[in-house]
Amino acid sequence: MSSAHGSPRAAARLRSPVSRLAPEAKVVGLVAFLLVVAVTPAGRPWVLAADGLVAVAVAVVALVDWRAVAGRLTLELPLVVLAVAYALAGRGPSVEVLGIALSEPGLQAGGTVLAKATIGIVAVSALAASSSVPEIVDGLRRVGVPPWFRRLVALTARQLQVLRAEAAQLRLAVAVRTGSPRWTVALASGARALGSLFVRSTERADRLALAAELRGAPVGGTPAAAASAAASPAGPLDWAAALAPAALAAVALVVL
Amino acid sequence: MHIPDGWVDLPTSAAAGAVALTGTALAARRSAAALRDRATTLPAVVAAYVLVAQLLVVPVGFGTSAHLVGTGLAALLVGPATAIVCVAVVVVVQALVLADGGVTALGLNLVNDGIVPALVAWGVFVAARPLVRSRRRGAAAAGGVAAGVASLAAAGAATLAFVAGGTDAVPAHVVAVSIGGSHLLLAAGEAALTAAVLATVLRLRPDMVRALPRRPDPAPEPVTVGDPA
């Protein structure tokens with residue numbers, strides 16, 4: 001259990017050239033890339049297309065699981081609705097598309113938001129596919145995140161595994177007892193399972209805190225320490241490779 | 001549903017980031033003072049709990065679904081300060097690991113999903129507390145209402161952010177109506193689910209709901225075994 005700290009799938013994760021980069025360089029590189037994408041103004045579709053290409057290329061090198069990316073992209077559905085609303089209700093001048101009058105600036109704005117969100121999802125997927133949670137937590141150190149917050153993120157990742165397993169058990173137990181195909185009943189039993197999950201996990205947190213106090217150890221000192229010991233410091237090559245996407249995006253912004 | 005990259009301009013993102021940083025730092029200080037005797041595992045447990053709670057999905061129709069956001073619930077369970085710290089962790093994990101929500105919009109998401117709904121839910125519940133008669137059903141219902149109002153307040157904050165720094169290609173009232181309209185549904189779902197979860201916690205361990213004032217400890221009831229007569 002203690003050897004698993006935050007990443008049971010570490011062994012299953014594919015080794016890619018990107019996973020060999022130092023995590024702090026990767027996190028900084030991701031933030032820099034997304035900043036450049038975010039400052040791209042609306043109405044420059046070619047710049048965003050180039051950024052998208054860069055993101056996809058990095059994701060390919062990072063051996064991203066594209067099915068997982070597709071799953072994340074469904075989170076964008078409300079944004080598609082928003083973009084359609086922009087196009088229908090935006091200011092003039094309007095353009096005719098398939099016989100419907102659409103607002104040109106609205107179409108541009110909606111498309112830009114959609115494109116930036118998609119690029120963000122692909123880029124973050126590349127980071128997530130090539131780094132374990134402890135590595136990402138370690139990377140946050142370089143971005144200036146204070147230690148207590150990093151420790152909290154690491155502990156949360158650990159607790160998330162425990163709670164997920166427990167939630168699955170509880171949901172199964174409640175479903176077996178109330179078993180009904182109707183979603184209202186399923187939802188009510190899901191809510192009940194969540195309620196008892198809170199009680200159980202808080203009781204366990206109290207036990208953990210008490211046990212640690214009895215031992216005289218500060219609670220949660222280990223995961224962050226393990227995380228920062230996990231990686232070697234970033235060399236110039238790491239930084240060059242990690243910042244390359246941001247540099248390419250900046251070039252695209254200036255040239256295209 | 002989190003705010004993605006590029007929804008508002010960079011100055012607005014930066015301003016929201018500053019608000020989020022200050023708010024989280026203040027909340028962390030308050031929460032640390034409140035949790036001094038319970039060490040630091042509770043916020044991690046609550047953050048993980050909120051992430052798991054968000055997996056409970058309600059079908060809304062049209063092939064889309066809504067899920068519990070959980071900030072209001074967390075605020076009622078552990079208090080607004082700890083809840084804000086927990087949601088900060090949740091938002092960071094979602095942006096960096098799950099690719100949900102923009103990295104440059106982190107501050108905005110923290111304000112919208114954390115600071116605003118946590119404070120509003122707590123405020124509404126505290127205001128409604130004198131009206132609550134029964135500690136079980138009444139308190140759960142009031143908690144549901146508080147979470148629903150908090151969800152609407154978050155929608156209002158998102159709209160304000162858009163008016164401040166979104167594209168000017170679309171009239172602001174269109175955005176307000178589209179965000180507000182969809183959030184009416186979401187708020188109703190949030191209210192129902194929060195009330196249901198709270199009802200269970202109140203039945204099992206009412207002392208774990210921080211939003212309720214501690215009752216003076218009643219004398220332990222005598223345990224009767226068998227027939228007392």
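This report describes a predicted model of a complex, covering its chains A and B, their contact, the nonpolar core and selected residues.

## Confidence and overall make-up

The predictor assigns the complex an ipTM of 0.81 and a pTM of 0.81. The table sets out the two chains side by side.

| Chain | Residues | Helices | Strands | Buried | Mean pLDDT | Residues with pLDDT of 70 or more |
|---|---|---|---|---|---|---|
| A | 256 residues | 10 helices | 2 strands | 42% | 78 | 86% |
| B | 229 residues | 7 helices | 2 strands | 55% | 80 | 83% |

Confidence varies along each chain. In chain A, helix α9 (residues 221–230) has the lowest confidence, with a mean of 47, whereas α2(A) has the highest, at 89. Two stretches of chain A call for caution. Residues 1–8 of chain A have a pLDDT below 50, and this stretch makes 15 contacts in the model beyond near neighbours in sequence. Residues 220–229 of chain A also have a pLDDT below 50, with 24 contacts in the model beyond near neighbours in sequence. Among the elements of chain B, strand β1 (residues 57–61) has the lowest mean pLDDT, 57, and helix α5 (residues 106–128) has the highest, 91.

## Order of elements

Starting at the N terminus, chain A follows the order α-α-α-α-β-β-α-α-α-α-α-α. In chain B the order along the sequence is α-α-β-β-α-α-α-α-α.

Contacts that span long stretches of sequence can be described for each chain. Of the contacts in chain A with a separation of 6 or more, 79% are between residues 24 or more positions apart. For chain B, 76% of the contacts between residues at least 6 apart in sequence join residues at least 24 apart.

## The contact between the chains

Chain A contributes 67 residues to the contact, and chain B contributes 49 residues. On the side of chain A that touches chain B, the elements giving two or more residues are α1 (23–39), α4 (77–89), α5 (104–130), α6 (133–142), α7 (147–178) and α8 (183–215) of chain A. Of these, α8(A) gives the most, with 20 residues. By residue type, this side of chain A comprises 45 nonpolar, 15 polar and 7 charged residues.

## The largest nonpolar core

In soluble globular proteins, nonpolar side chains tend to be buried together. The largest nonpolar core of this model has 146 residues, and B:Val87 and B:Ala121 have the most contacts inside it. Helix α4 (residues 80–96) of chain B supplies the largest share of this core, 14 residues. The core also draws at least three residues from each of domain 1 (10–143 + 232–255) and domain 2 (147–230) of chain A.

Leaving aside residues up to four places away in sequence, B:Val87 touches B:Val50, B:Thr71, B:Ala74, B:Leu110, B:Asp113, B:Gly114 and B:Ala118.

## Selected sites in chain A

A:Pro105 lies in helix α5 of chain A. A:Pro105 counts as buried because 20 other C-beta atoms lie within 10 Å. A:Pro105 and A:Ala87 are 18 residues apart along the chain, and their C-alpha atoms are separated by 7.7 Å.

Helix α6(A), one of the elements on the side that touches chain B, is mostly covered, with 8 of its 10 residues buried. The buried residues are A:Val133, A:Pro134, A:Glu135, A:Ile136, A:Val137, A:Asp138, A:Gly139 and A:Leu140. Just after α6(A), A:Gly144 adopts a positive phi of about 90 degrees.

Another positive phi is found at A:Leu63. Most residues other than glycine have a negative phi, and most peptide bonds are trans. A:Leu63, a residue other than glycine, has a positive phi near 55 degrees. A:Leu63 is placed in the loop between α2 (45–61) and α3 (66–73) of chain A. A:Leu63 counts as partly exposed, because it has 17 C-beta neighbours inside 10 Å.

## A selected site in chain B

B:Ala188 is located in helix α7 (residues 172–204) of chain B. With 16 other C-beta atoms within 10 Å, B:Ala188 is partly exposed. B:Ala188 and B:Gly138 are 50 residues apart along the chain, and their C-alpha atoms are separated by 17 Å.

Technical notes. Residues numbered from 1 in each chain as written. Chains lettered and ligands numbered in written order. Contact = placed C-beta atoms within 7 Å. Helix = DSSP H or I, 4+ residues; strand = E, 2+ residues; numbered from the N terminus. Nonpolar A, V, L, I, M, F, W, Y, C, P; charged D, E, K, R; others polar. Core = buried A, V, L, I, M, F, W, Y, C linked by C-beta atoms within 7 Å. Buried ≥ 20, exposed ≤ 12 C-beta atoms within 10 Å, placed from the backbone. Domains from an automatic or database assignment. pLDDT = per-residue confidence, 0-100.
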